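Open your viewer in cartoon mode and get ready to select a few pieces in turn. Let's take a short walk through the model together.

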Amino acid sequence: DAQGLFRSGLFTRITGAQVRVGFANAWEGAWIFYSHRAQLPKTPQVAVVRMRALLTPLGIDARQPAEAQVPISPAAKAKIRAMLKPGGYIVIVPGARWDTKRWSSAGFATVAARLIDAGRQVVLAGSPAERSLCEEVKLQASSDADALHNLAGQTSLAEMIALLAGATLILGNDSGPLHVAVGLNRPTVSIYGPTDPNLVGPYGQLEHVIRHPVDCHPCRRHTCDHHSCMAGVTTEIVWEKIKQRLAECAALPDNC
């Protein structure tokens with residue numbers, strides 16, 4: 001039971017399974033339903049580490065670094081190649097399920113414009129509901145259709161995975177595509193606001209998280225009347241981090 005709530009704990013009991021694993025400190029008393037309980041230290045741990053702790057009661061050593069195995073469809077990979085110019089590209093994911101997790105469209109547009117001026121091909125990615133957001137970023141950034149592509153809502157899940165797998169770098173907020181990119185072992189730069197990167201940050205890439213410190217962090221609120229955690233992130237900070245990340249990957253391509 002990776003969720004650790006009363007209902008999810010109850011579901012484990014209803015299954016009739018003899019082995020029911022959950023966290024010893026699960027919320028709402030869910031731990032009473034488990035046959036085996038995983039202990040967590042009191043210090044904050046990123047989600048991947050917490051979830052892997054559930055393996056320990058089964059006698060599995062989870063101390064080694066996690067390695068994700070994300071399938072990449074050859075057909076999806078070929079379709080993505082056909083949609084873009086030859087050569088490398090950088091993916092920007094400006095959306096997120098919560099509005100409070102989103103950095104400004106103007107900020108993403110400024111960074112996209114600088115990347116294009118530097119000779120980079122840029123792809124905007126997201127869900128169908130985020131296509132208008134990505135179009136807003138595109139209109140603010142450039143009119144060069146060959147250098148900036150809005151593929152939000154134009155890809156299947158398999159094609160989105162293929163898109164991220166081929167990217168030189170992924171820039172985004174705390175969102176699903178960001179964590180998929182991490183699972184694909186692609187270099188990322190991420191912008192965090194109301195959520196705590198120490199708990200839900202990109203696994204193995206926490207040093208590439210950008211966050212503006214505010215007293216109310218982490219609030220985990222879906223709405224906010226000041227959005228100061230995101231408003232405090234400047235385009236200069238993001239641009240410098242991107243340049244640093246690209247330089248690191250150029251110097252040590254095997255690590256990217």
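Begin with the strands of this predicted model: six of them build an open sheet, and reading across you meet β5-β4-β3-β6-β7-β8, with parallel pairing. Now colour β5 (148–150) and β8 (209–211), which stand at the edges. Each has a single partner strand, so one side of each is left without a neighbour in the sheet. Look along the sheet and you can follow its turn: neighbouring strands are rotated by 15 degrees against each other on average, direction ignored.

Next, zoom in on one end of that order. Select β4 (residues 122–124) together with β5: the two run parallel and are joined by three bridges. Show L124 as sticks, and you will find N150 of β5 standing opposite.

Now add helix α4, residues 105–117. Which strands does α4 lie across? They are β3 (90–93), β4, β5, β6 (169–173) and β7 (188–192). Compare the direction of α4 with that of β3, and the angle comes to about 170 degrees.

For the last stop, select helix α6 (residues 157–165) and helix α7 (residues 176–183). Their axes come within 9 Å and cross at roughly 60 degrees; the two helices are therefore oblique to each other. The crossing of α6 past α7 is right-handed. Turn on side chains to see who meets whom: α6 brings M160, I161 and L164, while α7 brings P177, V180 and A181. By class, this contact has six nonpolar residues, with no polar and no charged ones.

How values were computed. Residues are numbered from 1 along each chain as its sequence is written. This is a predicted model: local features need pLDDT of at least 70, side-chain atom pairs count only at pLDDT 80 or more; totals for chains, interfaces and linings use all residues. Side-chain values use heavy atoms; hydrogens and water are left out. Axes are lines fitted to C-alpha atoms, for helices over the stretch in contact, and angles run from 0 to 180 degrees between N-to-C directions. Helices (H or I, at least four residues) and strands (E, at least two) are DSSP runs, numbered from the N terminus. Angles under 35 degrees count as roughly parallel, over 145 as roughly antiparallel, 65 to 115 as roughly perpendicular and the rest as oblique. A crossing is left-handed if the near helix is turned anticlockwise from the far one by less than a right angle, and right-handed if clockwise. Contact means heavy atoms within 4.5 Å. Ala, Val, Leu, Ile, Met, Phe, Trp, Tyr, Cys and Pro count as nonpolar, Asp, Glu, Lys and Arg as charged, and the others, Gly among them, as polar. Two strands pair if DSSP finds at least two bridges between them.
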